[in-house]
Amino acid sequence: MNNKELFKTIGYIDENLIEKANSARRTNKKAYVKWGSLAACAALVLGVAVYKFPQTPLPNSPQISQQTPVSSPTGVRKILNYNGYRYAFVADGAQFKFTGMEPDKSLGALEFDLNQEPGKIDGDKNAEKDYAATFAMGGKLYEIPTYPSHFRIAVKDEQYYYLAEIVAKVDDSAMSAKEYLDLANLKEHAKDIYILNHVGNDVQKTITDHPIVESIIEGLYSAKKTELSNKEYEALAAAQSQGKSYQLQFNLKDGTYIAMYIIPELKVVSMGDTYYYLPDAFFDQTSDLFSGLTQEVLPLY
């Protein structure tokens, strides 16, 4: 299991769990495929896009809407590999509907299984192959007409559509903030920003002024990738449980959004499966955005 996945959406993870995950990662680089027993008490808290409530669509613009609820993790993270990147299925494999557009540019099909069965090694063997997946095997990949950068792609399995979004490189090599943000192309797609509580059920501030939206996105380019120590992970977990972590939600023109998690006190932001440190200059320019925000202290688990 990837130790960057070891934070509950709400709550705390103790040192023993963090150390187990770190140990697992050191001994098996490909352990990200299986959540295993740790997944029963852990969920992604990183910048994978999530869709909890509808956004106000732009008039007459193509829209993407979630059709099924977010499912509970089943022990295997729903991912696929394409073009050297690892994609996570949005909302853990929820189904989506495309309105005003039809994905029709084919990108291939999922043909390699990342799920490991007892006595088989196919999961490890296929871990870095394009078109390998843990979900929707045999599904067809399509470019999304409103998102041609391939940061997001559509997967059609039988008659259902799913969304998948880049979270890392398949070889776990470093992805800079610039690479992630260039792929996401938020400058083009974001129409406004919400700052929400950590859980994501309370909009605490709305930023609609486009120059400010652009300034925030530009500021994120200055973030530097970091490898966090156990103590730093503990500090993140403590900050989350103390109500100091927020969602930075970029509402997109197609009705969906991309959410990052930001802890201003620790100057840390998550993008995809990676944590980054933000420089003082970012918070000098955006300090007013996070001033006066309050949220309930989260329960410890």
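Asn 81 counts as buried in this predicted model, because its relative accessibility is 0%, where the cut-off for buried is under 20%. You will find Asn 81 in strand S2, which covers residues 79-82. Its side chain has polar partners there: it reaches the backbone oxygen of Ala 127 at 2.8 Å. A second backbone oxygen, that of Lys 129, lies 3.1 Å from a polar atom of the Asn 81 side chain.

Strand S10, residues 160-169, is a good next stop, as it holds Ala 168. Is Ala 168 buried or exposed? Ala 168 counts as buried, because its relative accessibility is 11% and the limit for that label is under 20%. To see what surrounds Ala 168, set aside its neighbours within four places in sequence; it is then in contact with Tyr 85, Arg 86, Met 175 and Asp 273. Have a look at Met 271 too: this residue is 103 residues away from Ala 168 along the chain, yet their C-alpha atoms are separated by 9.3 Å.

Met 271 brings us to the nonpolar interior. Nonpolar side chains tend to be buried together in soluble globular proteins. Here the largest nonpolar core has 62 residues, and those that touch the most other members are Leu 80, Phe 250, Met 260 and Met 271. Apart from that core lies another, made up of 7 residues, including Leu 236, Ile 263, Val 268 and Tyr 275. Leu 80, one of the four named in the largest core, also falls within the range of strand S2, residues 79-82.

Now move along to helix H3, which spans residues 177-184 and is mostly covered. How many of its 8 residues are buried? The count is 6, and the residues concerned are Ala 177, Glu 179, Tyr 180, Leu 181, Leu 183 and Ala 184. Notice that Glu 179 is on this list of buried residues. Just after the helix comes Asn 185, whose phi is positive, at about 50 degrees.

Our last stop is a hairpin. Strand S11 (residues 190-197) and strand S12 (residues 203-207) run antiparallel and are joined by 4 bridges. To line the two strands up by eye, start from Ile 193, which stands opposite Ile 207 in S12. Between the strands of this hairpin there are 5 residues, and Gly 200 takes a positive phi near 95 degrees. As you follow the side chains, it helps to remember that in a regular strand they alternate between the two faces of the sheet.

How values were computed. Residues are numbered from 1 along each chain as its sequence is written. This is a predicted model: local features need pLDDT of at least 70, side-chain atom pairs count only at pLDDT 80 or more; totals for chains, interfaces and linings use all residues. Side-chain values use heavy atoms; hydrogens and water are left out. Buried means under 20% relative accessible area, exposed over 50%, partly exposed in between (1.4 Å probe, protein chains only). A nonpolar core is a set of buried Ala, Val, Leu, Ile, Met, Phe, Trp, Tyr and Cys residues joined through side-chain atoms within 4.5 Å. Contact means heavy atoms within 4.5 Å. Two strands pair if DSSP finds at least two bridges between them. A polar contact is a pair of N or O atoms within 3.5 Å; within protein, one must be able to donate a hydrogen and the other to accept it, and residues adjacent in sequence count only if both atoms are side-chain atoms.
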